[in-house]
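Got your viewer open and your selection tool ready? Load the model shown here and let's walk through it stop by stop.

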Amino acid sequence: MKKDREEKLMPAWLELPEMEHPWGNLCFGQKQHPFPFRIERVYYAYGIPANANRGGHAHRVNHEVLFCLQGGCTLWLYTPEGEEQCYRLDHPARGVLIPEMWWVELGEYVEGTLTLAVASSPYQESDYIRNPKDFFSIEKFPDPVYRPHP
């Protein structure tokens, strides 16, 4: 039976299969498994200083899974109504699914952290919502990394 509408994705932990070996472990994904979307882009950020604040945006249609391959960081996700979900990323086989229309904030980095994002869309600036006033439906929006508000 065909679904009338696509199920809305919600933030969730996503774990890659892991193969442990005395000479080093291996994590992998194949085709769409375990990702709930077709992969269109992969990017990473490295050399991140401990006092960095990243994110500060939402996507209109893009879905992502964010992994911390080295080090650690905290990910805060918000709905337009200001509801918060918080994740500590510190294991390379465990990422967080970030659906469209969730505000992303990153902070509390370990010096030298390396993050990897797997995305459902190619980069398009028009997909980003960068001004919190254009995203949040509440007047006093949350901001765990204390960004200057426009």
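What follows is a short tour of strands, cores, loops and rings.

Before you click, know that this is a predicted model: local features need pLDDT of at least 70, side-chain atom pairs count only at pLDDT 80 or more, and totals for chains, interfaces and linings use all residues. Residues are numbered from 1 along each chain as its sequence is written, and side-chain values use heavy atoms, with hydrogens and water left out.

**Stop 1: strand 7**

Select residues 73-78, which make up strand 7. (Helices, H or I with at least four residues, and strands, E with at least two, are DSSP runs numbered from the N terminus.) Is this strand mostly covered or mostly open? It is mostly covered, with 6 of its 6 residues buried. Buried means under 20% relative accessible area, exposed means over 50%, and partly exposed is in between, using a 1.4 Å probe and protein chains only. Turn strand 7 around and you'll find Cys73, Leu75 and Leu77 buried on one side, with Thr74, Trp76 and Tyr78 buried on the other.

Now bring in the partners. Strands pair if DSSP finds at least two bridges between them. Strand 7 and strand 10 run antiparallel over 5 bridges; click Leu77 and look across to its bridge partner Val104, then do the same with Thr74 and Gly107. Toward strand 8, there are 6 bridges, again antiparallel, and here Leu75 has Tyr87 as its bridge partner. The hairpin of strand 7 and strand 8 has 5 residues between the strands, and Gly82 there takes a positive phi near 90°.

Zoom out and you can trace an open sheet of 5 strands in the order 8-7-10-5-12, with antiparallel pairing. Its edges are strand 8 and strand 12 (128-129), each pairing on one side only.

**Stop 2: the cores**

Next, show side chains for Leu75, Leu77, Leu89, Val96, Ile98 and Leu106. Of the 17 residues in the largest nonpolar core, these touch the most other members. (A nonpolar core is a set of buried Ala, Val, Leu, Ile, Met, Phe, Trp, Tyr and Cys residues joined through side-chain atoms within 4.5 Å.) Strands supplying at least two residues each include strand 4 (41-48), strand 6 (64-70) and strand 9 (94-98). Which strand gives the most to this core? That's strand 7, with 3 residues. A second, separate core has 10 residues, among them Leu14, Val65, Phe67 and Leu116.

**Stop 3: strand 11**

Select residues 113-119 for strand 11. Since 6 of its 7 residues are buried, strand 11 is largely enclosed by the rest of the structure. It pairs antiparallel with strand 4 over 6 bridges, where Val42 stands opposite Val118. Strand 6 and strand 11 also pair in the antiparallel sense over 6 bridges, and there Leu66 stands opposite Ala117.

**Stop 4: the loop between strand 9 and strand 10**

Pick Glu100, which sits in this loop and counts as buried at 17% relative accessibility. What does its side chain reach? It makes a polar contact with the side chain of His63, at 3.0 Å. (A polar contact is a pair of N or O atoms within 3.5 Å; within protein, one must be able to donate a hydrogen and the other to accept it, and residues adjacent in sequence count only if both atoms are side-chain atoms.)

In this loop you'll also find Met101, partly exposed at 30% relative accessibility. Its phi is near 60°, a positive value in a residue other than glycine.

**Stop 5: the rings**

Finally, colour the aromatics: the structure holds 10 aromatic pairs. (Rings of Phe, Tyr and Trp, its six-membered ring, pair if their centres lie within 6.5 Å; planes under 30 degrees apart count as stacked, over 60 as edge-to-face and the rest as tilted.) Trp13 and Tyr87 are edge-to-face, 5.2 Å centre to centre with 85° between the planes. They link distant parts of the chain, 74 residues apart, with Trp13 in strand 1 (residues 12-15) and Tyr87 in strand 8. Trp13 is partly exposed at 32%, whereas Tyr87 is buried at 9%.

Keep Trp13 selected and add Arg94, which lies over the face of Trp13 at 3.9 Å from the ring centre. (A charge sits over a ring if NZ of Lys or CZ of Arg is within 6 Å of the ring centre and within 35 degrees of the ring normal.) The charged end of Arg130 sits over the ring of Tyr128, 4.1 Å from its centre. For a last look, select Tyr78, Trp103, Phe135, Phe136 and Phe141, which form one aromatic cluster.
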